[in-house]
Amino acid sequence: MSYRREEVDLGMPSPGVRQSLVFHRYGDPGARPKAYIQASIHADEIPAMMAAHHLLQLLHAADSRGSIRGEIVLVPYANPIGLGQWIDDRSLGRHELRGGLNFNRSWPDLEEVAADRLDGSLTDDEEANVSCIRKTLLTLLDERQNRHLLDRKRHALLRESLTADYVLDVHCDDEALLHLYTLPQHWEEIGDLAAELGAHVVLLDEGGSIQAFDEVNSRPWLVLQRRFPKRPIPLACVSATVELRGRADVSDALGRQDAIAIHRYLTRRRLIADALPDVPALTCGPTEIEACEVPRAPAAGILAYKVRLGSEVEAGEVIAELVDPYATPGAARLPIRASAAGKIFTRRSDKYVLAHHPVAKIAGKTALAGGRAYSGED
Ligand SMILES: [Zn+2]
């Protein structure tokens, strides 16, 4: 058995309260390839933790067979801060209550500073460049001041993921079909994972604006490639955000199914030395993020949906009506329409909305007129 369980102390943010992260480690430290998988950075997205729980059983079994190759690190809960945030008997794990920051935005952005630091250090040796870039990213990360608990937590997670070849950040949406986000350049590497998971939508986004966890791991390689076009630099970190359906979709059956899918992906990437699973048939094609529409509520009210998850809608089709509880009998409801054709892949579970709240996400086929409807806060 190569298994090691490491508990990382994040310190004591207030007297009498101590927080920690757990890293489940398989394989020899430093072995390649390396996979890093974390669950529930948005702490109220429980399907991810259920999948991690089942993946842990599968990895333990593989380890006891002596089948682990490379190195696998599984973080079963990535957000102890969020897991402790309850108000009015509801778990609130999306934003840090202390300062309001979304737990999956504004991760340390090392790409430009890494490019400046690496100027003059890269050579014609690709392998040496990969090693030099990883070392530089870690140095830059370590140079940052970690003043608060959240900074220390982010540092501990990134320190592990920045040296990985594969990074999976596992989440869920509100009410949703299974979907993923990745860089356009990684579609080839993520397509089979999406197929294993039975994804309905894969959104391709070059990122760079919100600094989500998957982006800050994969984008530095893209930025460095562009900054130093004469040097051999691979996209050495393939990362994706995996949205395991909706908040309420938590069961042993789904958790095990998702864990098996990830286990098969790791096997195909030669991190687990079992018989190679057949390459699954794609369950969807890619969708450019610019073709993803997020219709919004025009006012406060109650949503009466006219479509289901998975519905294919036409341009102009009413996806929901907004009921005004203040209105007199017979008053017209406000229709909320899709502006372009596409597939409904998320809805709100809470049907009471305020103005501008997102009502759904629709995967269209072409970039939307007027630009990107999808903002980083959705
Ligand atoms: Zn999330």
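# A tour from the domain contact to helix H6

Begin where the two domains of this predicted model meet: domain 1 and domain 2 bury about 1,000 Å² between them, and carbon and sulfur atoms give 52% of that area. Select Asp-174, Glu-175 and Leu-177, since these residues supply 52% of the area that domain 1 buries against domain 2, more than any other three residues. To colour the two parts separately, use residues 4-284 for domain 1 and residues 290-364 for domain 2, as the domain assignment of the chain gives them. The contact takes 10 residues from domain 1 and 14 residues from domain 2, while the centres of the two domains, taken over C-alpha atoms, are separated by 32 Å.

Next, select residues 126-143, which form helix H4, together with residues 149-161, which form helix H5, and turn the view until you can see both axes, which lie 10 Å apart at an angle of about 175°. Angles over 145 degrees count as roughly antiparallel, and H4 and H5 are therefore roughly antiparallel to each other. Now show the side chains where these helices touch: Leu-138, Leu-141 and Asp-142 in H4 meet His-155, Leu-158 and Arg-159 in H5. The residues of this contact divide into three nonpolar, one polar and two charged.

Move on to helix H6, residues 187-197, which is mostly covered, with nine of its 11 residues buried. Among the buried residues are Trp-187 and Ile-190, and the run from Gly-191 through Asp-192, Leu-193, Ala-194, Ala-195 and Glu-196 to Leu-197 is buried as well. What do the buried residues of H6 pack against? Select strand S7 (166-173), strand S9 (179-182), strand S10 (201-204), strand S11 (238-246), helix H8 (252-268) and strand S12 (286-288), and you will have the elements that these buried residues pack against. Just after H6, stop at Gly-198, whose backbone takes a positive phi of about 75°.

For the last stop, select Thr-283, which is found in the loop between H8 and S12. Is Thr-283 buried or partly exposed? Its relative accessible area is 43%, so Thr-283 is partly exposed. If you leave aside its neighbours within four places in sequence, Thr-283 is in contact with Ala-194, Ala-195, Gly-198 and Ala-199, and this brings the tour back to H6, where Ala-194 and Ala-195 are among the buried residues. Finally, draw a line between the C-alpha atoms of Thr-283 and Met-50, which are 233 residues apart along the chain and are separated by 23 Å.

Methods
Residues numbered from 1 in each chain as written. Predicted model: local features only at pLDDT ≥ 70, side-chain atom pairs only at ≥ 80, totals over all residues. Heavy atoms only, no water. Buried < 20%, exposed > 50% of the residue type's maximum accessible area, 1.4 Å probe, protein only. Helix = DSSP H or I, 4+ residues; strand = E, 2+ residues; numbered from the N terminus. Contact = heavy atoms within 4.5 Å. Axes fitted to C-alpha atoms, helices over the stretch in contact; angles between N-to-C directions. Parallel < 35°, antiparallel > 145°, perpendicular 65-115°, else oblique. Nonpolar A, V, L, I, M, F, W, Y, C, P; charged D, E, K, R; others polar. Domains from an automatic or database assignment. Buried area = accessible area lost by both parts, 1.4 Å probe.
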